[in-house]
Amino acid sequence: MYAAGLTDVGVTRSQNQDAIFVHNQPIGPLPNLFIVADGMGGHKAGDVASKLAVETFTEFIRKFPAQDFVQAENFLDLLVSAAQSAGKAVSTKAESDEAMSGMGTTLTACVITNEKVFIVHIGDSRAYIVNLHGMRQLTTDHTFVNELLQTGRVSEEEAKSHPKRHVLTKVLGVPGVLEVDGIVREIGDAAAILLCSDGLSNMLEEDSMMRIINGLGYVEHRTKYLIDEANKKGGTDNISAVLIDVGR
């Protein structure tokens, strides 16, 4: 299994509020760990939120006290606990520093074994599974427009240009009980797993991403190609991609 990750400020933004983590080796009780986080908030607050979430998440995994008791069937529980720890760290920072008030971040993280991918998710960063025939989104966007779409109040075409398409309904950093999505899927005939921020998924259609992911070149080259193509399409947001080859 090979993996690469890149994050880019994009064409129109002056600051990168995304953060990524790519670790293709054991970390704590996990065999690997991959994360994409997309921060939100005022001046520098989004940057702080995403970085703090990733740092807290990975530190929780590294220092988990009951490592000897963690098996594959417990991976999802561990990821959820790490996400809740990260959310608490972001909300505490936001409450203690007026300049950071209201900040938050998306977070999509995964662990991959030979048979399964374990995902924890909140916000609108995405996880996809890709094979030679297509790609499928594994996560659900926690956005106002996606809720309208799921209830049939807007069409897919209307959703693409809806004025509230970027409004999030769930993020890390909101005080109180944190509910995150936990997902387990079989790897099957997958060629790759892709984690990305909406700066990539909003710029490129799935067919375009699939052709790049399934194309020739090292995983680092294909990851850069994804970023470059999103910038060519406008690069209206920060762009992050973590690509993991699981079937090559």
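**Note on the predicted model: aromatic pairs, helix H1 and selected buried residues**

1. Two aromatic pairs are counted in this structure, which is a predicted model. In one of them, the ring centres of Phe60 and Phe64 are 6.0 Å apart and the planes meet at 45°, so the pair is tilted. Phe60 is partly exposed, at 25% relative accessible area, and Phe64 is likewise partly exposed, at 21%.

2. The rings of Phe75 and Phe118 have centres 5.5 Å apart and planes at 75°, so this pair is edge-to-face. Phe75 belongs to helix H2 and Phe118 to strand E6, so the pair ties together parts that are 43 residues apart in sequence. Both partners are on the buried side of the 20% cut-off: Phe75 has a relative accessible area of 7%, and Phe118 has 6%.

3. As to the chain overall, seven helices and 11 strands are assigned. The chain has 248 residues, of which 50% count as buried. Among contacts with a separation of 6 or more, 69% are between residues 24 or more positions apart. The accessible surface amounts to about 11,900 Å², and carbon and sulfur atoms contribute 50% of that area.

4. Helix H1 covers residues 45-62, and its 18 residues should span 26 Å at 1.5 Å a residue; the end C-alpha atoms are 26 Å apart, so the model agrees with the expected value. The buried residues of H1 are Ala45, Gly46, Asp47, Ala49, Ser50, Ala53, Val54, Thr56, Phe57, Thr58 and Ile61.

5. The packing partners of these buried H1 residues include both helix and strand elements: helix H2 (75-96), together with strands E2 (18-23), E3 (33-40), E4 (104-105), E5 (107-112) and E6 (116-122). Two of these elements, H2 and E6, also carry the members of the pair formed by Phe75 and Phe118.

6. Arg126 is located in strand E7, residues 126-131. Arg126 is classed as buried because its relative accessibility is 16%, under the cut-off of 20%. The Arg126 side chain makes polar contacts with two other side chains, that of Tyr128 at 2.7 Å and that of Asp141 at 2.6 Å.

7. With neighbours within four places in sequence left aside, Arg126 is in contact with Thr108, Gln137, Thr139, Asp141, Leu194, Leu195, Cys196 and Ser201. Asp141 therefore appears both in this contact list and as a polar partner of the Arg126 side chain, with contact taken as heavy atoms within 4.5 Å. Cys196, another residue on the list, is buried at 0% relative accessibility.

8. The structure holds zero disulfides. A disulfide is a covalent bond between the sulfur atoms of two cysteines. Cys110, like Cys196, is buried: the relative accessible area of Cys110 is 0%, and that of Cys196 is 0%.

9. Asn32 sits in the loop between E2 and E3. What is the relative accessibility of Asn32? The value is 3%, so Asn32 counts as buried. Not counting residues up to four places away in sequence, Asn32 touches Met1, His23, Asn24, Gln25, Ile27, Cys110, Val111 and Ile112.

10. Asn32 and Cys110 are separated by 78 residues in sequence, while their C-alpha atoms are 8.4 Å apart in space. For Ile112, which is also among the residues touched by Asn32, the backbone nitrogen lies 2.8 Å from a polar atom of the Asn32 side chain.

11. Asp237 occupies the loop between helix H7 (219-232) and strand E11 (239-245). Asp237 is buried, its relative accessible area being 13%. The side chains of Asp237 and Arg13 are joined by a polar contact of 3.3 Å. Apart from neighbours within four places in sequence, the residues in contact with Asp237 are Val9, Gly10, Thr12, Arg13, Asp38, Asp198 and Gly199.

Technical notes: Residues are numbered from 1 along each chain as its sequence is written. This is a predicted model: local features need pLDDT of at least 70, side-chain atom pairs count only at pLDDT 80 or more; totals for chains, interfaces and linings use all residues. Side-chain values use heavy atoms; hydrogens and water are left out. Helices (H or I, at least four residues) and strands (E, at least two) are DSSP runs, numbered from the N terminus. The expected span of a helix is 1.5 Å times one less than its number of residues. Buried means under 20% relative accessible area, exposed over 50%, partly exposed in between (1.4 Å probe, protein chains only). A polar contact is a pair of N or O atoms within 3.5 Å; within protein, one must be able to donate a hydrogen and the other to accept it, and residues adjacent in sequence count only if both atoms are side-chain atoms. A disulfide is a pair of cysteine sulfur atoms within 2.5 Å. Rings of Phe, Tyr and Trp (its six-membered ring) pair if their centres lie within 6.5 Å; planes under 30 degrees apart count as stacked, over 60 as edge-to-face and the rest as tilted. Accessible areas come from the Shrake-Rupley method with a 1.4 Å probe; for residues, only the protein chains shown count as cover.
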